[in-house]
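Me: I would like to understand how the labels given to a protein model are justified. Could you take me through them one at a time, setting each value against its definition?

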Amino acid sequence: RTHSDDRPISCDAPGCEYEATTAGKLKSHKRTHSDDRPFPCDEAGCEYCATTAANLERHKCTHSGERPYACDAPGCEYRGTQA
């Protein structure tokens, strides 16, 4: 399913048209409809909690200043927190 448009698992939230390729992706998506944020930031004094581990890792860059992804356009020096 990775390389196809087959998304057989639908979100059952009212008005939501999201369709997932796996049950795990649907589970992560469903957090957008709730207050479930099971990934807390461990930085002292930070109250941020994320819906996914990937979102938490991106958030942590705000504390470290890390910008691991460089723009590949010739002459561009921009670096970002996500690819």
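Reply: Let us begin with burial: a residue is called buried under 20% relative accessible area, exposed over 50%, and partly exposed in between, using a 1.4 Å probe and protein chains only. This is a predicted model, in which local features need pLDDT of at least 70 and side-chain atom pairs count only at pLDDT 80 or more, while totals for chains, interfaces and linings use all residues. Residues are numbered from 1 along each chain as its sequence is written, and side-chain values use heavy atoms, with hydrogens and water left out.

Me: Why is D12 called exposed?

Reply: D12 has a relative accessible area of 61%, and the label exposed applies over 50%, so D12 is exposed.

Me: What makes the pair K30 and D12 a salt bridge?

Reply: A salt bridge requires a side-chain nitrogen of Lys or Arg within 4 Å of a carboxyl oxygen of Asp or Glu. The side chains of K30 and D12 meet at 3.0 Å, N to O, so the pair fits that definition. K30 lies in helix α1 (residues 23-30) and D12 in the loop between β1 (9-10) and β2 (19-20), so the salt bridge ties together parts that are 18 residues apart in sequence. Helices (H or I, at least four residues) and strands (E, at least two) are DSSP runs, numbered from the N terminus.

Me: Why does R31 count as buried?

Reply: Its relative accessibility is 13%, and buried means under 20%, so R31 counts as buried. The side chain of R31 nevertheless meets that of D36 in a salt bridge of 3.4 Å, N to O, and D36 is partly exposed, at 38%.

Me: How do you know that E57 and K60 are separated by about one helical turn?

Reply: They are 3 residues apart in helix α2 (residues 53-64), which means a separation of about one helical turn. Salt bridges that share partners join D42, E57 and K60 into one network.

Me: Which residues make up the largest nonpolar core?

Reply: The core consists of C11, A13, C16, A20 and L26, 5 residues in all. A nonpolar core is a set of buried Ala, Val, Leu, Ile, Met, Phe, Trp, Tyr and Cys residues joined through side-chain atoms within 4.5 Å. Contact means heavy atoms within 4.5 Å, and, leaving aside neighbours within four places in sequence, L26 is in contact with I9, S10, C11, Y18 and A20.
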